[in-house]
Amino acid sequence: MLALTELGQRLRQERESKGLSLEDLQKLTKIQKRYLLGIEEGNYEVMPGKFYVRAFIKQYCEAIGLDTDAIFEEYKSDIPSTQTEDMPQQLSRVRSRKEIPQHTKGVSKAYDYLPTVLVVAGVVVVGIIIWVIAQNIVSDKNKEQANEEAPNSEVQQSNTQEETNETTAKNDNSKSEDDQSAADKKEQEKAEKEKAAKEKAEKEKTEKEKAEKEKKDSGKQEYKEVQKTGRSATYALSGTDAFNLEVTSTQADTWLDVKNGKGNAFFSSILKKGETKEFDLTKETEACVNIGYSPGVELKVNGKAVELPFDSSKQVRQVVTIQYQPAEAQ
């Protein structure tokens, strides 16, 4: 194994302090694991090209929450300058159609059709055999049926009368059972309708109460910007007695770090695509939200969506600090 450069040691230590494996980092950056390992070991020869080195290091730093500009300045001796590379031309190894001998084309085409002709002929022969056998079986059955119909006609007439009597008795019993089933079904439907009506009324009542509460809270809640600098922004939350934060990632996995003003972490790990994390911060006066990959990340404060401070296409990593002052303390 190669000796780690100072930059490689710094990156590995920061990654491990976040609890991230190379596999986790591969998912976040979409960079192959062997290239990430090459960055940590300073083995840039494994890269697809030297001009990829700086781009891969930049993505690595952003994924683990490091300032890219500071890293490039501090370790500029470890990072090679961008170079262009000539791509070798690929030579075709496919033989031209003109190189194929012309005198073999007709024979080859005939051999191509031979299996198809044999299969069709076989199917036709098998079909004829099956048709002949079927005709013989039908003829034998017709003869047997003609011989049996004469002596069995009287027996069939007697059986028909008995079946008629049995059918009449069954119909009487079935009618009685149907009447009882209809009554039971009607009673069951009535009970289900009453239950559905009750559940609907309770649901409407709950939704109405919730809507009134949200309307009341949203009318008082105020979320305003205090300052912006670099990739960080501070907001003030007031006019409410609750501080509930929701973070959702809709496009890709992202690193998420949520701490209070004292530096105590509520969450410090990967937030997977489609996952939502909720935090009750009502007892805190300040919360810091560090987002490693902001595209597709949504924030809600007390159920109300708030925008990220920066354009995620220009600022991938963003840090949002929310200062909270309860309404009763104002």
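Start with the whole chain shown as a surface: about 23600 Å² is exposed, and carbon and sulfur atoms supply 50% of that area. Accessible areas come from the Shrake-Rupley method with a 1.4 Å probe, and for residues only the protein chains shown count as cover. The model is predicted: local features need pLDDT of at least 70 and side-chain atom pairs count only at pLDDT 80 or more, while totals for chains, interfaces and linings use all residues. Residues are numbered from 1 along each chain as its sequence is written, and side-chain values use heavy atoms, with hydrogens and water left out.

Switch to a cartoon. The chain has 6 helices and 10 strands; helices (H or I, at least four residues) and strands (E, at least two) are DSSP runs, numbered from the N terminus. Of the 330 residues in the chain, 27% are buried. Buried means under 20% relative accessible area, exposed over 50%, and partly exposed in between (1.4 Å probe, protein chains only). Among contacts between residues at least 6 apart in sequence, 65% join residues at least 24 apart, where contact means heavy atoms within 4.5 Å.

**Stop 1: helix 3**

Select residues 33-41, which form helix 3; Tyr-35, Leu-36, Gly-38, Ile-39, Glu-40 and Glu-41 are buried there. What covers these buried residues includes helix 1 (6-17), helix 2 (22-29) and helix 4 (51-64).

Add helix 4. The axes of helix 3 and helix 4 come within 11 Å and cross at roughly 90 degrees. Axes are lines fitted to C-alpha atoms, for helices over the stretch in contact, and angles run from 0 to 180 degrees between N-to-C directions. Helix 3 and helix 4 are therefore roughly perpendicular to each other; angles under 35 degrees count as roughly parallel, over 145 as roughly antiparallel, 65 to 115 as roughly perpendicular and the rest as oblique.

Show side chains at this crossing: Tyr-35, Leu-36, Ile-39 and Glu-40 in helix 3 meet Phe-56, Ile-57 and Tyr-60 in helix 4. The residues of this contact divide into 6 nonpolar, no polar and 1 charged. Here Ala, Val, Leu, Ile, Met, Phe, Trp, Tyr, Cys and Pro count as nonpolar, Asp, Glu, Lys and Arg as charged, and the others, Gly among them, as polar.

**Stop 2: Glu-40**

Stay in helix 3 and center on Glu-40. Is Glu-40 buried or exposed? At 0% relative accessibility, Glu-40 counts as buried. Leaving out residues up to four places away in sequence, Glu-40 touches Leu-4, Thr-5, Gly-8, Gln-9, Arg-12, Arg-15, Leu-22 and Tyr-60. Glu-40 and Gln-9 are 31 residues apart in sequence and 6.5 Å apart in space, C-alpha to C-alpha.

**Stop 3: backbone with positive phi**

Move to Gly-42, just after helix 3, where phi is positive at about 70 degrees. Then select Lys-30, in the loop between helix 2 and helix 3. Phi of Lys-30 is near 65 degrees, a positive value in a residue other than glycine. Lys-30 counts as exposed, at 65% relative accessibility.

Next select Asn-302, in the loop between strand 8 (297-301) and strand 9 (304-306). Asn-302 is not a glycine, yet has a positive phi of about 55 degrees. Asn-302 is partly exposed, with a relative accessible area of 23%.

**Stop 4: the sheet around that loop**

Select strands 6, 3, 8 and 9: these 4 strands form an open sheet in the order 6-3-8-9, with antiparallel pairing. Two strands pair if DSSP finds at least two bridges between them. The edge strands are strand 6 (276-280) and strand 9, each pairing on one side only. Neighbouring strands of this sheet are turned by 25 degrees against each other on average, direction ignored. Strand 8 and strand 9 run antiparallel and are joined by 3 bridges. The bridge partner of Lys-300 is Ala-305 in strand 9.

**Stop 5: strand 10**

Select residues 318-324, strand 10, where 6 of the 7 residues are buried. Strand 2 (residues 232-238) runs parallel to strand 10, joined by 6 bridges; Leu-237 stands opposite Tyr-324 in strand 10. Strand 7 (residues 286-291) pairs with strand 10 in the antiparallel sense over 6 bridges, and Cys-288 stands opposite Thr-321 in strand 10.

Finish on Ile-291, in strand 7. Ile-291 is buried, with a relative accessible area of 1%. Leaving aside neighbours within four places in sequence, the contacts of Ile-291 include Thr-254, Trp-255, Leu-256 and Gln-318. The C-alpha atoms of Ile-291 and Glu-62 are separated by 9.7 Å, with their positions 229 residues apart along the chain.
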